[in-house]
Amino acid sequence: MAISLLHRADSQAKVSPMDPRVLFHLSLDRSFSYVCADVNKRDRFLSILSALTDDPSDIRYRQEVIRDLYENPMLSEQLFSLFSRFEELMVAQKNAGRDEYRMNATRNTSLTSAKNILQTQALCLKRALLFVKAFGELLAGYSLRSSALLDLLGACREIYESPSFEKLLLYCAKYEKFSANGFLDFKVTWNEEGRIAAYELIDHRYIRITDPELKKKGFSLFKKADETVYPCERVYVPKGEFYETLAVSALSDLTSCFSSLSEQIFSRFAEIGDELAFYDVALRYVCCLDEKQVPYCFPTVTCDGEFAAEQLRDLYLLMTKESASDVVANDVRMPHGAGGVLVLGNNGSGKTVFLRSIGTLQVLAQAGLPVPCKHATVTPCSQIATQFSEAEKEFCEGNDAGRFEQEVRELAAMVDTLRDGALVLLNETFQSTAYREGAEGLYHLLKYFSEQNIRWILVSHLRDLEKMLAPDDAAVLHTAEGYRICQ
Amino acid sequence: MKEAPRLLNGGGEIEWTSRLFADLQLDKLLSAQAISVLCSPCGAREIPLRQEVFRALEDPTVLQGVNACLTALNAAERAQTLWREAEIPQDRYHARIAVLATYLNACEQLATLPARGVLLAKVAACFSSSERRELALALRRDLQTLREIAARMHQGLLSFSDKHWLTPDRDAVSECAVIAEAARDLGFAVPEARRMNTKVDLSLSDAVCRLYAAELEEMDALFGRYEHMDLREPLAYISELRFFLEMHALVGRAGSSGVSTCYPHVAAVPQYRAKCLFDISLWAKHCEHIIPNDVDFSAEEPLFFLIGANGGGKTTYLRAVGINLVLFLAGCPVFAREAAIYPFDLAASHFPMDERFDRVGRLDEELARMTEILRAAERKTAFILMNETFSGTDDRRGFELLRQMAAEICQAGHFCLYVTHFHEVMALEYPVLSAEIDADDENKRTYRIVKSKGNASSYAADILKKYRLDKDSLRVRREGHGN
């Protein structure tokens, strides 16, 4: 089974991947571009961010890894470097695998090519095995607390501490230097029809023959009386491809053994590379917060529906400003019974930033990352969805709808996929129509969300909603001077 | 040894022309092998015996036994072909073992055929006779020895260096197997080595034969015991069993399509009576909804004319009569609810042919064919199926020829179904069938064949209306064009 640094083996996560627009709406792509300039690494990080987990144990599992790596900077550096080379080997093996595939598919490969492919695959397996040993020995040199890294160490040890590990290495070494010019020995098995059913490479030590021609020439004079005579017959190999084709097939079987083993090792550790890229960016993010002296914490993960944050700052603003003091911090608490939060306020009063900071907190917390606030308690949600008002889509075939209809269409698509326990972030939804009609439409939708146990946060100008919603339906917040949000 | 009895006996004197099977479209529905059996009517005595076999096949255990038998026979035939074609000594030895093994298996399967009906019982009895049982016992013993010898030779080690050697295997373990074991210890698996089926090269075969010369000598001695035996004897059942199974499969298809089947009574006097007779050739056109019709030919009314609209099912009716007659004459079940049929000596068809007569005209060609049929039917009781015969000339001459032919057929004591467009037949003394719209069909698009004096123009209005050429449709068209 593949080893993972993100999910425990018995993870209960049941979260659907987020719509890529969520990260876009929350400006997480932009925020992390300040953290990590390497586009590939950042993309891998964001893709893991999109695949949320709602299993609190998984979240704590990640938090522990970040703590271990943060406290042992040398370990993280060496681990990242080792896995990066391991990934390079994976790519090399994959390319060699193409040659092997060609050999099996075309069936007209020469013995020399088959030998070369065998050597390459033997070398790949040897290197893959040595990498496993290197991972283990590196991890064993540190005092670790995270169960993920300890599990990885255990998995590596299980392989390299077995006597069969050395045996495999010996075979790899043997075929890494394999030459088809010396002895080539095979075991032939015939089936009931007298056809060749198997043709396998064997070690030369199994071959015991007494050459009758040597005996004829008088060498038998020196033979000891009790010497065993091994029966054998000369094979007069004619010109043609018969024996070469069989030999290629036998070498190809051995090549498949090596390549299959390499692939299994790679697949067992395949996820680790991507996952370490995630932790690499996570560590850079923590360093960035440290540099800007932003108060941050690992949120407390609970399952009782609580959502609270003290001195929450918006990540994107933090990344674009010099220091934490340039960004206003707000407290937020979602009451226990309330299905949603309605945020009302004037233009430019910080409503959208507030919404974004809550969404960011939820995403980062569920990814196991620290969040930019003093204290936080988060309940993982099954899904995060956003609907931010957008400009009218350019005319294209099939899109004959106006802005309002576009919104309704998007919301309808979203509603089709929302599940119990989801969180919906709505930014100025339905303001592209008459406010009363928009408010009424939205009211029924928000009621529907609450009834379906879907949490919602709406930032809006539609003040009629405040009158429509009963106090139990939602908490209503207002913006105040200085980008403050008040109850 | 007593000669093995056949499953398909009798008849064979008269063979239907292949033209008949093409006219009836049976060549599109049945294999050439089945048609070759249908070509030889089996005679009044054999029909009930074959019907017994078909009845027995309705029992799933009998069907299973017959299928198992056919599988064994096919394997025996394949083994014999491989043996004949084996060019390399090593192949020949193995193929010969397979020939004996499959022969033994085929004989055992034939011996265990369910003894249901005279024909199957005779075969089973023959192959379970004490003489054959003893032979089987000896063969089984020898096969065991042959297999043991072959097992001693089934593996070898090949070594290639400056000289190339073949030596017996002494428990050599392949490199893949060693690696697989180590991999398993680490929790990994390696793919199974690919199974090959490669023909052995002559040089390797020679080396094997030299290495295992004593073993092969032993084999030759055992093979010698069966040199003079006719190992092909049971293979004759292959085509016979295939025929029964193919026809049985048609009966199965009938069951799932709502088509009735029955075993007709073999009538002692010339007649052809059937209720709900189906034309199964429509299956070849993927038509599953087949309208059945009744048939009632007797010595009093041996000839019927059949008239009606185009698309009214006249040819279908003709084929239904012909197909089921041919099936009955070969001892097969027929596709009808019930039937009583006389085992006619000859069935012949006269259908229009493609117009590619290089030397003679169409009418001359039709006349020549008709003469040929009547000559073949001389001194026999024949059933002749005629489809639009003599339509290749003007009305007057065509009708006159039709009248003369009908008289000649009746005078010779033959039976005939004659499809024609000549509505003047209504005035003749012969009975006439016509295609009438089925009153039970709400869509009024299916026809039934009924004994009638016919109505030449009753269907024309429907056809005209369908193509919007009837009076009302033409008025609407005119109004549509503003005229």
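The exchange below covers the contact between two chains, one helix pair and one sheet.

Me: What kind of model is this, and how are residues and chains labelled?
Reply: This is a predicted model: local features need pLDDT of at least 70, side-chain atom pairs count only at pLDDT 80 or more, and totals for chains, interfaces and linings use all residues. Residues are numbered from 1 along each chain as its sequence is written, while chains are lettered from A and ligands numbered from 1 in the order in which they are written.

Me: How many residues does each chain bring to the contact?
Reply: Chain A brings 49 residues and chain B 48 residues. Contact means that C-beta atoms, placed from the backbone, lie within 7 Å.

Me: Which element of chain A gives the most to the side that touches chain B?
Reply: α10(A), with nine residues. Elements giving two or more residues there include α8 (163-176) and β1 (184-190) of chain A. Helices (H or I, at least four residues) and strands (E, at least two) are DSSP runs, numbered from the N terminus.

Me: How does the side of chain A that touches chain B divide by class?
Reply: Into 29 nonpolar, nine polar and 11 charged residues. Nonpolar covers Ala, Val, Leu, Ile, Met, Phe, Trp, Tyr, Cys and Pro; charged covers Asp, Glu, Lys and Arg; the others, Gly among them, are polar.

Me: What makes β3(A) and β2(B) a pair?
Reply: Pairing takes at least two bridges found by DSSP. β3(A) and β2(B) (residues 164-168) have two bridges, in the antiparallel sense, so they count as paired. Glu233(A) stands opposite Leu166(B).

Me: Why are α6(A) and α7(A) called oblique?
Reply: The axes of α6(A) (residues 111-140) and α7(A) (residues 147-160) come within 8 Å and cross at roughly 135°. Axes are lines fitted to C-alpha atoms, for helices over the stretch in contact, and angles run from 0 to 180 degrees between N-to-C directions. Under 35 degrees is roughly parallel, over 145 roughly antiparallel, 65 to 115 roughly perpendicular, and the rest oblique. The two helices are therefore oblique to each other.

Me: Which classes make up the contact of α6(A) with α7(A)?
Reply: 10 nonpolar, one polar and two charged residues. Among them are Phe135(A) of α6(A) and Leu152(A) of α7(A).

Me: What makes β9 and β13 of chain A edge strands?
Reply: Each pairs on one side only. Their open sheet has six strands in the order β9-β10-β11-β7-β12-β13 (chain A), with mixed pairing. The twist averages 15° from one strand to the next.

Me: How do β7(A) and β11(A) pair?
Reply: In the parallel sense, over five bridges. Val343(A) has Val459(A) as its bridge partner.

Definitions and conventions. Two residues are in contact if their C-beta atoms, placed from the backbone, lie within 7 Å.
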